[in-house]
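User: I would like to go through this model with you. Could we begin with how its parts meet?

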Amino acid sequence: MNPILPNATIGVFGSGQLGRMLAIEARKMGYRVATFSPGEDTPTGQVADLEVSADYMNLEEVKKFAEQVDVITYEFENIPSKTIEIAAQFTQVHPKGEVLYITQNRLREKNFLSKNGFPVADFHHIQTVEDLYRAVESIGTPSVLKTAGFGYDGKGQQRIKSVSDIDNAFEKLDGKEAVLEAFVDFEKEVSVVAARDAKGNFVNYDIIENDHANHILDVSVAPAEVSEKVYKDAIEIACGIVEKFEYVGTLCVEFFLTTDEKLLINEIAPRPHNSGHLTFDSACITSQFEQQLRAVCGLTLGSTEFLRPTAMANLLGDLWQNGEPDWGKILEQKNLKLHLYGKQEARIGRKMGHLTAVAETSADAAKIVRQARERLLLKQNG
Ligand code: AMP
């Protein structure tokens, strides 16, 4: 693969904050960026050279887009497979469509992982209410029922606490295919953000520790406090997955870590990930977004070295309940970085931005971002 060099145009399917941060990194390095999604004035579109607003199934527009760019990547996994298939006839697409096809559906993803010997919690495929009764009997309670498609941040997720929850939970699926999985009584949640290039070189950002609130990522810190064994196992699993996929780009593996030091994979994201936002802002030599750019352009992967311990706190739409937060106030704090994604409508639970900080320890960095966010909340409530 001849490297795709600055001045070339990077095409991005999807137009959210992940595309925006990729576009920012790409433009810093002199690339042009074009984004394709049904939206207008999108987080990615606002910083791209070109924003195409069309349905992903408008295959004429997809073809036109693919012909205009030098390489395509994506920032969102629910792009229809057909879109990628058509685009790939006209330009390079990384990661390849097969990876997207597997990871956009929980059932396909879990089958892929378990078939290849990667650790996942016990799971069953659910199509009928009888399947669900049988699965609950086999897995036990509590267990978690998740729709197979379009699920993230706890969307499409229901806890089954006892057999009496089954009928109601099945009804709520509204005919959608689902997966029942064992509830994991985890000690903590961790992730590995990694990248692989077309030659098979692999890099990773060590282990990141993640705190969730209401099923949505809340705060991430790096380095995570885990044993040598857990560290080694997690990196080995992430490396195994990217190899199996012959992956090209940045990817994230989210894990549950149990009290007896067992790692179970919750999900794979075939793109940069919210927990990797802390690789931005001088915490690392190369951010997860620059790494994605380097991988899909066939450039040498950058150093993933962390220069300082770091933390990130998400800013959700909840913070906007009483109007626009006081950014001037937060920016008085000199050791803090603010990212806002340019989204016009602040809904509860919607990711609107994040804060990052570096410090002597990851716990200190976490304290800085949490306290700063609390001050925003206090201001809102007061
Ligand atoms: P997901 O939508 O699958 O990414 O889940 C979002 C969050 O819900 C996870 O990060 C966990 O905090 C929680 N969760 C999901 N599945 C399980 C499970 N099987 N056991 C325990 N907690 C879970």
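**Domain contacts and two residues**

Analyst: In this predicted model, about 1,900 Å² is buried between domain 1 and domain 3, and carbon and sulfur atoms give 65% of that area.

User: Where do the domains begin and end?

Analyst: The protein is divided into domain 1 (9–93), domain 2 (122–182) and domain 3 (186–381).

User: Back to domain 1 and domain 3: how far apart are their C-alpha centres, and how many residues are in contact?

Analyst: The C-alpha centres of domain 1 and domain 3 are 23 Å apart. Contacts join 19 residues of domain 1 to 23 residues of domain 3.

User: How many salt bridges are there between domain 1 and domain 3?

Analyst: The count between these two domains is one salt bridge. Glu77 and Arg271 form a salt bridge, with their closest N and O atoms 2.6 Å apart.

User: And how many residue pairs are in polar contact there?

Analyst: Between domain 1 and domain 3, eight residue pairs are in polar contact, both residues being at pLDDT 80 or more.

User: Which elements give two or more residues to the domain 1 side?

Analyst: On the side of domain 1 that touches domain 3, those elements are H1 and strand S4 (71–74). The largest share of that side comes from H1, with seven residues.

User: How do the residues on that side divide by type?

Analyst: The side of domain 1 that touches domain 3 has 11 nonpolar, three polar and five charged residues.

User: Changing topic, where is Ser15, and is it buried or exposed?

Analyst: Ser15 is in the loop between strand S1 (9–13) and helix H1 (17–28). Its relative accessible area is 11%, which is under 20%, so Ser15 counts as buried.

User: What does its side chain make a polar contact with?

Analyst: The Ser15 side chain makes a polar contact with the side chain of Ser37, at 2.8 Å. Leaving aside neighbours within four places in sequence, Ser15 is in contact with Thr35, Ser37, Thr42, Pro43, Thr44 and Glu75.

User: What about Pro6: where does it lie, and why does it count as partly exposed?

Analyst: Pro6 lies in the segment before S1. Its relative accessibility is 41%, between the 20% and 50% limits, and therefore Pro6 counts as partly exposed.

User: Which residues is Pro6 in contact with, leaving aside its neighbours within four places in sequence?

Analyst: Those residues are Met29, Gly30 and Tyr31. Pro6 and Tyr31 are 25 residues apart in sequence, while their C-alpha atoms are 4.7 Å apart in space.

Note on methods:
Residues numbered from 1 in each chain as written. Predicted model: local features only at pLDDT ≥ 70, side-chain atom pairs only at ≥ 80, totals over all residues. Heavy atoms only, no water. Helix = DSSP H or I, 4+ residues; strand = E, 2+ residues; numbered from the N terminus. Buried < 20%, exposed > 50% of the residue type's maximum accessible area, 1.4 Å probe, protein only. Polar contact = N/O pair within 3.5 Å; in protein donor to acceptor, adjacent residues only side chain to side chain. Contact = heavy atoms within 4.5 Å. Domains from an automatic or database assignment. Buried area = accessible area lost by both parts, 1.4 Å probe. Salt bridge = Lys/Arg side-chain N within 4 Å of Asp/Glu carboxyl O. Nonpolar A, V, L, I, M, F, W, Y, C, P; charged D, E, K, R; others polar.
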